[in-house]
Amino acid sequence: MIKTVNLNKVYRTEDVETTALNNLSMEVKEGEFVSIMGESGCGKSTLLNIIGLLDSPTSGQLIFDGTDVSGFGERKRAELRKRNIGFVFQSFNLIDELSVFENVELPLVYLGKGKSERKEIVSAMLDRVGIGHRAKHFPQQLSGGQQQRVAIARAVIASPKLILADEPTGNLDSAHGNEVMELLTQLNEQGTTIIMVTHSQHDANFSSRTIRLLDGQVVTETSNRVVDAI
Amino acid sequence: MIQNFLKITLRNLARNRSYAFISVFGLALGISSCLLIFMYVFDELSYDNYHEKGDRIYRLSIVNNFQGQMVTALSNYGAGPTLTNDYPEVENYVRFRGGNGEVQLMIDDKVFPETNIWLTDSTVFDVMSYNLLVGEKRTALVAPQTIVLTQSLKEKLFGSEDALGKQVKVNNTMATVTGVMADLPKNSDMPINGLLSMTTMPEQARATFLQDWFRIGFYTFILFDQKPDVSDFETKLKAFEEKYVQPWAEENQIVAGQEYKITPIEEVHFVQGLDFDLPKGNISYIWTFSLLAIFILIMASINYINLSLAQGAKRAKEVGVRKTLGAMKGDLMTQFLGESLLITVIAAVLGLAITELLMNTFNDVTGKTFTIAEVFNPTMMFTLIGIILLVGLLAGSYPALILSSFKPVRVLKGVIPNEGGVGTLQKSLILIQFVFSLFMITGTILIGDQMEFMRTMNLGFDRENVMIISLPADTNVGKRMPAWIEQLENSEGVVAVAHTNVPTGGGTAELMFRVERDGVLTEQNIKCFFADEHFVEVLGLDMLQGRNFNAEIATDETQAFIINDYAAKAFGWGDDALDKRMQWGLMANGQATNDGKVIGVMNNFHFLSLHKPMEPFVLCFNPGGMNMLTVRLAAGDFTKTIAAMEEEWNELAPNHEFNFNFLDELLDQNYQQEQSMGKLFNYFAVISVLIAALGLFALLSFSIQNRIKEIGIRKVLGASVANISWILVRDFFYLLLAAFALTTPVCIWLMNRWLEDFAYDTPLHPMSFVLALLLAIALAGITISYHVFRISKSDPINALRYE
């Protein structure tokens, strides 16, 4: 579903040139749950942002569902993003001025869905992530775990093929973290492809495969299911 | 989607109440100022725009050339009918005479002092679109002693009764009411309460006017058959002058000529510099205030822009999230523009409320009678919508552009563009606000300087403690007045009483004299005044040469003239003016009713407003039969004296109001336009300074919020409150100095142009500019002091923990 070919990303300032991704090639198949791990500064988030079409590579190809999208302009990227990709962030990134319901509803608004249809879909989703009773609350009124569940609900509300999660448990205690990971696992089991950046081996164990990065390159790829089998 | 934007906007406003207040309140003040100013401007520009034949009606004015030039709004009696007769393109004419003086209307024994009662031709309703409610347009003002009243005067005199055919005594003439017309629209240059038929004027008087082309006393309006070519017609008027005026002048041995000019009726309200004109609007004030309105709106918009940008950091996350969720840049632009439009609409609603609050004060200052209902007329509504769109889109577009172009990857990582200091753009915008505020402060001070200068300038006479009393025009009552005047002269609090023909301080007549120059008598128009022998004493004038009038010298009445020193010099007499020959009441063949000599020279005194330079002036002796008294009261509290006067008056003339003015107040009226402009300038200065101060306050608090860690660290390292405050405010201080450097030359240039309107002006004091700067610094200081206080109270560790 996602394939990168010799992906490079170089950040330039006046004096320094930093290579964030260095000829990185990898592939994620439809239905997979892949973790990306590595030390700070190894290029994990850059890779995730490029895959999520929030950032563009300096060179190389990004193939999304068989189409090279690396040359897409802003308009096409936004279009592709809102129909196919959901994002989950470490810091949740909910809009403080909108209620839980309104936050989750937002992607459907941008997809141009009608009001009654939105209401139906959002209510069902909030119940599914166990937060239906908090629909009218504002983000600050919720615990961190609850906020992340709202963020996940928002990420999957438009039924994207792909979810990109950037350290989704980074701001949560272990109990809430596990809740979130279980939610992601469920979604994966229902067919959603997930790519997750994480520092935590515990979280990585929920995924089917782990890709380790170092200095912008893939160093190892391990199947977690095999580890389990051993 | 729109609902979603609305929610976000309103919740954002609610969350950031203080900034929202500053943005919205500032915009509301700006919008309200704009509404008031534009109401004023539209009203001024709409003068006399209601005449159906307006594009064909022109007012005649005359440039009279004798020794010197006199340009008058008044014309002679003959021009209107003669032009109509001779030129096929002139369809009709109408003349107006009188009007500005007070007239006493009497119904039975009840007296109603009224102004704006005009003598006019029966053609008035053909030329002007005055709405005659009762009566016959063509005939109403044909017969002598007929009068048409306005609806409100009719109600005042007759209540709800039918007035047609009723009798009104106008001064000493009985007149029959032949019509009632609707009150004139407020935007009429010539106010009218009643119209008397021109034929009411005695036939002999009309004949005298008709035969003398230089006897001017009528506002004449010409109706053309179609819109004329002005310069073409004025050329024809040269031939007219050659055909009629020149032969008459030659016949009467007068070396003089006239140039006739025409002005479209809709422009008459703004014509300046004509003698004997009605009070006028000033087109340069219209421009000035329109510019002020636009500037105040810009100031308020700047607050909005600056605060939107300052809040950008808070909005960045929202932008990032929306973009990741698929929002296009266009969606976000629309959202932010919609937001600014919404805020402008809220501000406009608040602005309407502020307009209502300020309306009375604004009316007091401008002399208008606007009501809030007039804001809802189509022109003003169109203006308001225009303002909303302009401000909403202009003020909203830059923040919208900046906010919508935030990169989601960066803002979601917490990298906010421009975090920390105040950006160059924001500084430039603040500079604009400072420049404008300083300009307003400096302007206010400089206008005040000139007003004070005129108020305190030595006018050459003693303006204090002088009372002007008008005597009843009714001859029956007039007969009883000498007894009252005698009482007055003997009363304890009265120093001296003089009789005059017109109120002192209310302008002068200008008549044609002959004066001796190099042994030859030559015609010259000179400003003059008729008074008795007490006038010199009452005003405290000095006789420089010769003597005052003397009632006991029989020849003084027809053979004595007193001139001012300026005339003595202007006529080339210098110190040798006594016994020079002068004539007044000119007749043909060098004859005159008053033919005599200069018996005295008095000091120059400013008998005109200080807009006008000193001119030659003649005092003619007329000891009896005049209807004005000029009374010098003993200094001190004269309320008792006046109360006693009034009591005696009421006994003698119970039906006539005791009408008086103080000379200094009458003189102040000469500067009414400047005074109201000064006041208006003052108010708008306060508003613009307030807007700028609000903006500065808010921006500074953002700046402190963003630099809170820096402040904490500096405090920990031992910086004093003064150190930190200086770091925070020094940029603003330098901006203020830059604004001062930019404003001063502009102010000097503009003020010098304004002062050109005055023949006497005060030089621009450098101290006034310094004062303006100090005032601006003080105001900025007050704005900043709250923040300094907060910093001084805050614990450094809080600032660090905040991070």
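In the predicted model, Ala153(A) is in contact with Val104(A), Met125(A), Leu126(A), Val129(A) and Ile131(A), its neighbours within four places in sequence being left aside. Ala153(A) belongs to the largest nonpolar core, which holds 157 residues. Together with Ile195(A) and Ile296(B), Ala153(A) touches the most other members of that core. The core therefore draws on residues of chain A as well as chain B, since a nonpolar core is a set of buried nonpolar residues joined through C-beta atoms within 7 Å. A further core of 112 residues lies apart from the largest one. Among the residues of this other core are Val94(B), Tyr219(B), Phe535(B) and Leu541(B).

The two chains also meet in an interface in which 19 residues of chain A are in contact with 20 residues of chain B. On the side of chain A that touches chain B, helix H2 (74–84) and helix H3 (100–110) of chain A each contribute at least two residues. By residue class, this side of chain A comprises 10 nonpolar, 2 polar and 7 charged residues.

Chain A contains 8 helices and 10 strands. Its radius of gyration is 18 Å, close to the 17 Å given by the globule rule for 230 residues, so chain A is as compact as a globular protein of that length. Taken along the principal axes, the C-alpha atoms of chain A fill a box of roughly 50 × 45 × 35 Å. Buried residues account for 47% of the 230 residues of chain A. Of the contacts in chain A with a separation of 6 or more, 67% are between residues 24 or more positions apart.

The strands of chain A include 6 that form an open sheet with mixed pairing, in the order E6-E7-E8-E3-E9-E10. Strand E6 (85–88) and strand E10 (217–223) of chain A occupy the edges; each has a single partner strand, so one side of each is left without a neighbour in the sheet. From one strand to the next, the twist averages 20 degrees. At one end of this order, strand E9 (residues 209–214) of chain A runs antiparallel to E10(A), and 6 bridges join the two. Within this pair, Thr210(A) has Thr222(A) in E10(A) as its bridge partner.

An open sheet of 4 strands is also present in chain A, with the order E2-E1-E4-E5 and antiparallel pairing. Here strand E2 (17–28) and strand E5 (67–68) of chain A stand at the edges with a single partner strand each, so one side of each lacks a neighbour in the sheet. Strand E1 (residues 2–12) of chain A pairs with strand E4 (residues 59–64) of chain A in the antiparallel sense, over 5 bridges. In this pairing, Val5(A) has Gln61(A) in E4(A) as its bridge partner.

Chain B contains 25 helices and 25 strands. The C-alpha trace of chain B spans about 105 × 60 × 55 Å along its principal axes. Of the 803 residues in chain B, 39% are buried. Among contacts in chain B between residues at least 6 apart in sequence, those joining residues at least 24 apart make up 82%.

Key. Residues numbered from 1 in each chain as written. Chains lettered and ligands numbered in written order. Predicted model: local features only at pLDDT ≥ 70, side-chain atom pairs only at ≥ 80, totals over all residues. Contact = placed C-beta atoms within 7 Å. Nonpolar A, V, L, I, M, F, W, Y, C, P; charged D, E, K, R; others polar. Pairing = 2+ DSSP bridges. Axes fitted to C-alpha atoms, helices over the stretch in contact; angles between N-to-C directions. Rg over C-alpha atoms; globule rule 2.2 N^0.38 Å. Buried ≥ 20, exposed ≤ 12 C-beta atoms within 10 Å, placed from the backbone.
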